[in-house]
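Here are a few exercises to work through with the model open beside you. Try each task on your own before reading its solution.

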Amino acid sequence: MRTERRWRRGRGRLGSEADRAAFRALHQASLAAPALREGLTTASAERAVRHLRNLLGTPAVAITDTEAVLAWDGLGTHHLDQAPVVGLLAIEKGAPRTVDRSQLGCSVGGCPIRTGVVSPLVVEGRVLGTVQAFAPTPTAGLVRATEEVAEWVSGQLALAELDAHRNRMIEAEVRALRAQISPHFVYNSLNAIASFVRTDPDRARELLLEFADFTRYSFRRHGEFTTLAEELRSIERYLLLEQARFGDRLQVTLNVAPEVLPVVVPFLCIQPLVENAVRHGLESVEQTGHLTIVAHDRGHEAVLEVEDNGVGEDPDKVRRALAGDVALDSVGLGNVDARLRATFGDDYGLVVETAPGAGTKVIVRVPKFAPGVSV
C-alpha cells in the first residue's frame, strides 16, 4: 500500500504564527539562561542583555544591580546614567514601576526612549537589581512582559545561588572528608614507615615518598574533579602504605580497563571507599584480607567495584551511613554518595551489597561524559 504525505500550505513545520512567536521567545530565553546562571555580574549581564531585548522587542533594555548599570543594549545610550536613578524606587519598594517622559527628559531629536518599565530582580526576598525596558510609548503589554521577564531572570539568579551554595557545600564536604581521613591514616602510615627505618632504610625511604605523594594529592586545593587514573594512582599509594602495615594479611587485586582511565570523577570519590573497606572490612579479621578493585567499560558508563572479604555490615547501618548519619564511623560513605548524586544525578548513587560475615561490595557508576564535569 502506498502512503503519501501532504503538507497544507500556509502552515509550516512550526505551525501558526503564535507557535513561531513562542519558539522565538523560548530560543531567546535559552540563549540568555547560561549567562544568568552564573549570577548577577557585569560579565553575565552583558552576555544576557541582548537576548532579553530581543525577547521584549524594545528599543533598549538595561540590567542594573542595586547601585549601577551592569549592561545596556540598544538605542539611547545617552540615557544610561538615568538607569540607576529610575531603578531606585523599584528597588526600595520591591515592585515594578513605570517611568514617564518627565523623568526621562531628553533633548535629542528623534530619540525613541520616552518611557520605560522598571521591574525588580528578587531572590528569596532580596532585591538584587532591576530589568529596565525602554520604548517610545507606554503599553500595558510592555509592563506585563517586563514583569514576566524580570521574574524569569530572578528564577535564573535563584538557580545560580543554589549552584553556588552547592559548590560551597561540596568544598566543605571535601574538606571534612580530608579531615576525617587524615588523622587515622597519617598515624598508622608513619608508624609503619618508622618500623622500617632501621631494618630496611631503602623501603622506608620509598614509603615516605609514596606517603608524600599521597598526601599532596589528597590535600590539593584546586579542582572539584579528577580523572579515574589519578584517583586510582592515589589509591595505589594508599594501599602500598597499608600493605606495609598489614604485611601478608592484606592481598590486593586491581583489574582496570585502560579505556576508563580518562573518565572524570569527583575528587576523592573512590579512595574513601577503599579506606572504608580496609578499616571496617579487613582491619579486624584474623585471616588474610582480600581487596579487589575492578574498573570496566559499560557503553556510555564506567563501572567501578570495590569488594572485600571482611566482616561485612548490617544493611540498615549502611542505609543510615548513605543518609549522612554522622554518628557512624564510616569514612565518607554518605559524603561520596551525596557528591556523586549532586554531580551526575540520583541515578548515580552508590550501590552497596553487604551482610554481616559476608564481606562488602560497593559499586560506583559514572557517565563517561557529563555536562559541566571536566578537569
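**Exercise 1: a strand and its surroundings**

How many of the nine residues of strand S4 (residues 115-123) are buried?

Solution. Keep in mind that this is a predicted model.

- Step 1: Count along the strand. Eight of the nine residues in S4 are buried, so the strand is mostly covered, with buried meaning under 20% relative accessible area.
- Step 2: Look for the pairing strands. S4 pairs with strand S3 (residues 97-99) in the antiparallel sense, over three bridges. Strand S5 (residues 126-135) also runs antiparallel to S4, joined to it by nine bridges.
- Step 3: Pick out individual bridges. Val-99 has Gly-116 in S4 as its bridge partner, and Val-122 is matched with Val-127 in S5.
- Step 4: Inspect the turn. S4 and S5 make a hairpin with two residues between them, and Glu-124 in that turn has a positive phi of about 50 degrees.

**Exercise 2: one residue in the strand**

Is Ser-119 buried or exposed?

Solution.

- Step 1: Locate the residue. Ser-119 sits in strand S4.
- Step 2: Apply the cut-off. The relative accessible area of Ser-119 is 4%, and under 20% means buried, so Ser-119 is buried.
- Step 3: List what touches it. Leaving aside neighbours within four places in sequence, the contacts of Ser-119 include Pro-96, Gly-129, Thr-130, Val-131 and Thr-146. Glu-147 and Ala-150 are also among them.

**Exercise 3: the two sides of a helix**

Which residues of helix H3 (residues 83-93) are buried?

Solution.

- Step 1: Read off the buried set: Ala-83, Val-86, Gly-87, Ala-90 and Ile-91.
- Step 2: Place these residues around the axis. They cover an arc of only 145 degrees, which puts them on the same side of H3.
- Step 3: Turn to the other side of H3. Val-85, Glu-92 and Lys-93 are exposed there.
- Step 4: Ask what the buried residues pack against. Their partners are strands S1 (60-65) and S2 (69-74), together with S3, S4 and S5.
- Step 5: Check the end of the helix. Gly-94, just after H3, takes a positive phi of about 65 degrees.

**Exercise 4: aromatic pairs**

How many aromatic pairs does the structure hold?

Solution.

- Step 1: The count is four aromatic pairs.
- Step 2: Take one of them, Phe-214 with Tyr-238. This pair is tilted, at 6.0 Å centre to centre and 35 degrees between the planes.
- Step 3: Trace the pair in sequence. Phe-214 is in helix H5 (residues 201-218) and Tyr-238 in helix H6 (residues 228-246), 24 residues apart, so the pair links distant parts of the chain. Both Phe-214 and Tyr-238 are buried.
- Step 4: Compare Tyr-217 and Phe-267. Their ring centres are 5.1 Å apart with the planes at 65 degrees, so the pair is edge-to-face.
- Step 5: Tyr-217 lies in helix H5 and Phe-267 in the loop between strand S8 (264-266) and helix H7 (271-282), so the pair ties together parts 50 residues apart in sequence.
- Step 6: Finish with burial. Tyr-217 counts as buried at 9% relative accessibility, and Phe-267 is buried with a relative accessible area of 2%.

**Exercise 5: cysteines and the whole chain**

How many disulfides does the structure hold?

Solution.

- Step 1: The structure holds zero disulfides.
- Step 2: Check two cysteines for burial. Cys-111 counts as buried at 7% relative accessibility, and Cys-269 does at 1%.
- Step 3: Step back to the chain, which has nine helices and 12 strands. Of its 375 residues, 44% are buried.

Definitions and conventions: Residues are numbered from 1 along each chain as its sequence is written. This is a predicted model: local features need pLDDT of at least 70, side-chain atom pairs count only at pLDDT 80 or more; totals for chains, interfaces and linings use all residues. Side-chain values use heavy atoms; hydrogens and water are left out. A disulfide is a pair of cysteine sulfur atoms within 2.5 Å. Buried means under 20% relative accessible area, exposed over 50%, partly exposed in between (1.4 Å probe, protein chains only). Helices (H or I, at least four residues) and strands (E, at least two) are DSSP runs, numbered from the N terminus. Two strands pair if DSSP finds at least two bridges between them. The arc is that of the directions from the helix axis to the C-beta atoms. Contact means heavy atoms within 4.5 Å. Rings of Phe, Tyr and Trp (its six-membered ring) pair if their centres lie within 6.5 Å; planes under 30 degrees apart count as stacked, over 60 as edge-to-face and the rest as tilted.
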